[in-house]
Amino acid sequence: MGIWETFTDLVEAATPWSTAEAEAPAEEKDSAQDEPQEAEPEEEAEEEAEEEEEEEEEEELVDPKEKLEEDCKNSKVCAPAKHHYDECVERVTNASAEDEGKEDCVEEFLHLAHCASQCAAPKLWSVLK
Amino acid sequence: MLARSCLRSTRLFNGARNGANTFTKRSFSTSGSGASTESPTKLNIAAVASTALAVGSVAWYYHLYGPTAHAMTPAEEGLHPAKYPWVHEQWFKTFDHQALRRGFQVYREVCMACHSLSRVPYRALVGTVLTVDEAKALAEENEYDTEPNDEGEIEKRPGKLSDYIPPPYKNDEAARAANNGALPPDLSLIIKARHGGCNYIFSLLTGYPEEPPAGAQLAAGMNFNPYFPGTGIAMARVLYDGLVEYEDETPATTSQMAKDVVEFLNWAAEPEMDDRKRMGMKVLTVTAVLFALSIWVKRYKWASVKSRKIVYDPPKASNNVRT
């Protein structure tokens, strides 16, 4: 520790491009000991069944993507796609036994999903962290 | 051709002016070489015909080659993902390292059960995702082969920072056997390896509908996902709301987890991105400085040339120069 180090430390502290060290601060040592317990997914999988029940009671998370896309599907923009899809579902579910398997609604579903995701995509990122 | 025939007809006009006796000769010759009286109609016809030919050939071309032939149905093609405004894809933005940390947690708790991340060593996580101590602790949870000892035996040792994240299966066959014949791909380069990149993986993870659309045919053990080409994917939906518990208490919704894990996987695929962008900035900055410098130097070097004035000052003409 010469006097030169004092200068370099000062310069490093002042320069905006000084590197951030990856080492953990001393306080975090307690949390580092907890880490290994968290990092055992196998054990957690067993406990998950119990935890899930608790979580459901605690809070009900709503996926913003699903909510936004649902709103989009019912909006005016996707009305034609939804109309076609609903019509197709009705037609296919009411099809007679012979016609079964001849038609599917995948393409109509794709159009609807495309419309909904395009409509929800710009809004979603403002909700997510 | 047109110009030549016009010239010829004017010449014939001149001949007609000369005398009536040339009339017969003229009528003969004009009938042969396109009459001057008929030429507007004929020219019109020619113009219309050539235009019709042009329009017709364009139309025929588009009839033949215009419509693109799609060999696959939209379902086989898979739904193209929507474009999401990923922050880290912007030019002057880095990865969100808080998101990387969350994404790594999702990978470790959810994806790691089936997918390997074979190209990422623990040392790569240090400073970007984990601290040194955390990474070391994580590495030590796994056992790796040592170098052969004095007797040639290979023993096991706890992992070090230089070790790679261990795969969940011993080999591809074991992975297939455990997953109904489907091989879970390695995720280290998956963002680069899939058309659509981040958007595709995000859409794939969050795009499972509650039930497949009416009439959709699915093979046994397959799940419906509109974004997967062919719509039948062996991987079932894995991300459900509240599946993991984030240490920074971000609400772990499906899309939040998908976003985080996709960002983490993008980091895994191109860990050099932050450095690459910084290097790009450096290049631009240095180039800008050099460019400015070169302009000043040029001004300096040319100053004498630009600012000089050549004056010719002729001697005054006078008769009494040599007096």
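Colleague: Let me start with one side chain: is Lys156(B) buried or exposed?

Modeller: Lys156(B) is exposed, with a relative accessible area of 52%. The classes run like this: buried is under 20% relative accessible area, exposed is over 50%, and partly exposed is in between, using a 1.4 Å probe and protein chains only. Before we go on, this is a predicted model, where local features need pLDDT of at least 70 and side-chain atom pairs count only at pLDDT 80 or more, while totals for chains, interfaces and linings use all residues. Residues are numbered from 1 along each chain as its sequence is written, chains are lettered from A and ligands numbered from 1 in the order in which they are written, and side-chain values use heavy atoms, with hydrogens and water left out.

Colleague: Fine. Which residue does Lys156(B) meet in a salt bridge?

Modeller: General idea first: side chains of opposite charge can pair when their charged atoms come close. The rule here asks for a side-chain nitrogen of Lys or Arg within 4 Å of a carboxyl oxygen of Asp or Glu. Lys156(B) pairs with Asp145(B), at 2.7 Å from N to O. Asp145(B) sits in strand S1 (residues 143-145) of chain B and Lys156(B) in strand S2 (residues 156-158) of chain B, so the bridge ties together parts that are 11 residues apart in sequence. Strands are DSSP runs of E with at least two residues, helices are runs of H or I with at least four, and both are numbered from the N terminus. Asp145(B) counts as partly exposed, at 46% relative accessibility.

Colleague: Which elements does the bridge between Arg101(B) and Glu134(B) link?

Modeller: That bridge is 2.7 Å, N to O. Arg101(B) is in helix H5 of chain B and Glu134(B) in helix H7 of chain B, 33 residues apart, so distant parts of the chain are linked. Arg101(B) counts as buried at 18% relative accessibility, and Glu134(B) is buried too, at 7%. Then there's Asp163(B) with Arg157(B), at 2.8 Å: Asp163(B) is buried at 9%, while Arg157(B) is partly exposed at 21%.

Colleague: How many salt bridges are there over all chains, and how many between chain B and chain A?

Modeller: The structure holds 15 over all chains, and 2 of them run between chain B and chain A. In one, Asp248(B) pairs with Lys129(A), the closest N and O atoms being 3.6 Å apart.

Colleague: And how do I read the size of that interface?

Modeller: The size of an interface is often given as the accessible area lost when the parts come together. Here buried area is what two parts lose with a 1.4 Å probe, summed over both. Chain B and chain A bury about 3700 Å² between them, 60% of it on carbon and sulfur atoms. Leu79(B), Tyr84(B) and Ala214(B) supply 13% of the area that chain B buries against chain A, more than any other three residues. By contact, meaning heavy atoms within 4.5 Å, the interface takes 51 residues from chain B and 40 residues from chain A.

Colleague: What about chain B overall: how many helices and strands are there?

Modeller: Chain B has 12 helices and 4 strands. Of its 323 residues, 31% are buried.
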